[in-house]
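Q: I should like to learn how to read the local and global features of a protein model. Could we work through an example together?

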Amino acid sequence: MIPVRGFEGKRVAVFGLGRTGMTAARALKAGGAQVALWDETPAARQAASAEGLPVVDLRGADWAEFDALMLSPGVPLTHPAPHWTVEAARAAGVEILGDIELFARTVNAAPESKRPKVAVITGTNGKSTTTALLGHMLTAAGRDARIGGNIGYGVLGLEDMHGGAVYVIEASSYQLDLTSSLKPDVAVLLNITPDHLDRHGGMDGYVAAKRRVLLNQGKGDTAVIGVDDAWCQQICTEITAANRRTIWPISAKRAMGRGVYALQGVLYDATGERVTEVADLMQARSLPGRHNWQNAAAAYAAARALGISAEDAAMGLASFPGLAHRMETVARFDGLRFVNDSKATNVDAARQAMSSYPRFYWIAGGRPKVGGIDSLADLFPRVAKAYLIGEAADEFARTLDGKAPYAIPGTIEAAVAAAHADALAAGGEAIVLLSPACASFDQFPDFEVRGDAFRAAVQGLAHQPLREARA
């Protein structure tokens with residue numbers, strides 16, 4: 001745990017008692033703050049009480065007594081409307097912040113000799129893979145890397161800091177909205193495509209939230225920015241003109257005079273006086289597809305900025321084991337390969353998986369995002385058949401009508417069984433791909449539970465255990 005500094009003796013309200021909120025409450029208390037916890041869910045309140053943490057009904061509290069509100073990232077800050085705790089805090093002049101801001105203030109307060117290095121990764125897609133990959137590369141090179149944030153452990157639940165540690169933090173737009181003091185040694189902005197627009201009031205708000213990862217960087221810091229989309233290109237151009245930090249563009253689409261880029265599966269380093277070839281990504285079995293080449297370029301650039309040699313970074317790329325729920329092969333049998341891409345909660349993430357296979361049986365659906373799957377129309381010819389689940393099933397069926405065959409089995413279990421039967425009847429080798437292009441919240445609490453349900457359904461059909469985890 002990282003005890004939070006700067007709130008000793010102060011009273012802090014904590015709303016939202018999921019993983020992030022509970023971790024922050026413990027860290028605040030460990031640092032000497034007086035905390036008051038609340039959640040709308042009785043079970044969450046009971047769990048906090050059982051742990052000995054003070055539960056206080058914030059609806060009846062005197063907000064003038066609080067010095068800060070620690071808000072969980074899942075709670076609306078501005079849109080579609082501010083949460084009632086936000087309105088109460090603002091009315092009383094109480095500061096509103098999140099767990100990454102608490103972490104940032106604690107890092108900033110540490111003596112320079114004990115201050116760790118911090119790398120923060122954000123973007124619409126690929127941030128979990130890039131975070132895990134960078135952490136793996138650092139660990140493989142002998143560095144003390146701690147990985148958390150929006151992936152794995154809440155950042156304040158990681159081991160306490162020392163001067164030789166490197167914190168590799170995944171940050172969502174929700175978390176960045178609640179930060180003001182974050183100053184990463186390395187900030188990675190992978191890409192920006194429309195997502196979570198309801199929570200940010202539109203695209204401008206979403207871009208502004210992502211851009212906050214770069215807000216406080218200055219001389220001696222490094223910004224790694226993907227330039228394969230228009231929003232990030234503009235940001236890169238603007239901060240390059242400001243000339244306050246080292247900037248390394250990354251691309252998986254084109255060669256560049258400076259930065260790191262991947263073309264045709266080969267990773268090139270153009271950060272020095274000459275361009276060097278550093279890795280054959282086609283041999284990195286856990287990083288298939290151009291989107292993963294962008295992730296590899298970003299992680300490599302960040303590792304180099306943190307002092308890892310090109311040789312060690314390349315070795316880390318080759319040995320990366322991959323992440324669950326991200327183009328993860330969960331089984332092979334009957335000539336079929338079952339791929340779990342449950343993390344594809346929007347159409348751009350689904351596009352990345354769909355573009356990696358020439359033909360596949362597609363399981364899609366859930367709680368749809370704005371625009372549905374219309375933008376995937378160019379990939380519909382690759383769909384042998386679609387199996388639609390959840391709230392989006394009827395909408396997606398209308399989009400696919402006349403463009404690709406489909407069925408509406410409704411659930412993951414029924415979809416897996418139907419895809420298996422249809423692929424067997426067609427004969428030959430085939431891919432069964434879960435890449436929902438939707439949020440999971442209609443049928444599952446999160447994408448991980450959805451992916452586990454897919455895995456369980458596949459294993460229920462399996463004739464033999466999985467021997468080769470990735471291909």
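A: Helices (H or I, at least four residues) and strands (E, at least two) are DSSP runs, numbered from the N terminus. On that basis, His196 lies in the loop between strand S8 (186–189) and helix H7 (197–200). Please bear in mind throughout that this is a predicted model.

Q: How many helices and strands does the secondary structure of the protein come to?

A: The assignment yields 15 helices and 21 strands.

Q: How should one judge the overall dimensions, and what radius of gyration does the protein have?

A: One compares the value with the expectation for a compact globule of that length. For 471 residues that expectation is near 23 Å, and the protein has 23 Å, so the two agree. The C-alpha trace spans about 70 × 60 × 40 Å along its principal axes. Of the 471 residues, 54% count as buried. Among contacts between residues at least 6 apart in sequence, 67% join residues at least 24 apart.

Q: Let us turn to the backbone. What is the phi of His196?

A: The general expectation comes first. Most residues other than glycine have a negative phi, and most peptide bonds are trans. His196 has a phi near 55°, a positive value in a residue other than glycine. Its relative accessibility is 28%, so His196 counts as partly exposed.

Q: What phi does His325 have, and in which loop is His325 found?

A: His325 also is not a glycine, yet has a positive phi of about 70°. This residue sits in the loop between H11 and strand S14 (328–333). Is His325 buried or exposed? With 6% relative accessibility, His325 counts as buried, since buried means under 20% relative accessible area.

Q: Which residues does a cis peptide bond join?

A: Omega is the angle to inspect. A cis peptide bond, with omega of about -5°, joins His79 and Pro80. Pro80 belongs to the loop between S3 and H3.

Q: Which residues are buried in H3, and which strands do they pack against?

A: A general point on helices is useful here. An α-helix has 3.6 residues a turn, so residues three or four places apart point the same way. In H3, the buried residues are Trp84, Thr85, Val86, Ala88 and Ala89. They pack against strand S1 (11–15), strand S2 (34–38), strand S3 (68–71) and S4.

Q: What does Ala89 touch?

A: Ala89 lies in helix H3 (residues 84–91) and counts as buried because its relative accessibility is 0%. Leaving aside residues up to four places away in sequence, Ala89 touches Trp63, Leu69, Val94 and Ile96.

Q: Which residue follows H3?

A: H3 is followed by Gly93, with a positive phi near 70°. Gly93 is found in the loop between H3 and strand S4 (95–97). The relative accessible area of Gly93 is 66%, so Gly93 is exposed.

Q: How does one read a helix pair, and at what angle do H5 and H10 pack?

A: One considers the angle, the distance between axes, the handedness and the residues in contact. Helix H5 (residues 127–140) and helix H10 (residues 290–305) pack at an angle of about 40°, their axes being 9 Å apart. The two are therefore oblique to each other, and H5 passes H10 in a right-handed crossing. H5 contributes Thr129, Thr130, Leu133, Leu134 and Met137 to the contact, while H10 contributes residues including Asn292, Asn295, Ala296 and Tyr300. By class, this contact has nine nonpolar, four polar and no charged residues.

Q: How do H10 and H11 cross?

A: The axes of H10 and helix H11 (residues 310–319) come within 10 Å and cross at roughly 145°. H10 passes H11 in a right-handed crossing. Ala296, Tyr300, Ala303 and Arg304 of H10 meet Ala310, Ala313 and Leu317 of H11. That contact has six nonpolar, no polar and one charged residues.

Q: Where do the axes of H14 and H15 come, and at what angle do they cross?

A: For helix H14 (residues 412–426) and helix H15 (residues 447–461), the axes come within 9 Å and cross at roughly 45°. H14 and H15 are therefore oblique to each other, and their crossing is right-handed. Ile412, Glu413, Val416, Ala417 and His420 in H14 meet Arg450, Ala453, Phe454, Ala457, Val458 and Leu461 in H15. These residues divide into eight nonpolar, one polar and two charged.

Terms used
Residues are numbered from 1 along each chain as its sequence is written. This is a predicted model: local features need pLDDT of at least 70, side-chain atom pairs count only at pLDDT 80 or more; totals for chains, interfaces and linings use all residues. Side-chain values use heavy atoms; hydrogens and water are left out. Axes are lines fitted to C-alpha atoms, for helices over the stretch in contact, and angles run from 0 to 180 degrees between N-to-C directions. Angles under 35 degrees count as roughly parallel, over 145 as roughly antiparallel, 65 to 115 as roughly perpendicular and the rest as oblique. A crossing is left-handed if the near helix is turned anticlockwise from the far one by less than a right angle, and right-handed if clockwise. Contact means heavy atoms within 4.5 Å. Ala, Val, Leu, Ile, Met, Phe, Trp, Tyr, Cys and Pro count as nonpolar, Asp, Glu, Lys and Arg as charged, and the others, Gly among them, as polar. The radius of gyration is taken over C-alpha atoms; the globule rule is 2.2 Å times the number of residues to the power 0.38. Buried means under 20% relative accessible area, exposed over 50%, partly exposed in between (1.4 Å probe, protein chains only).
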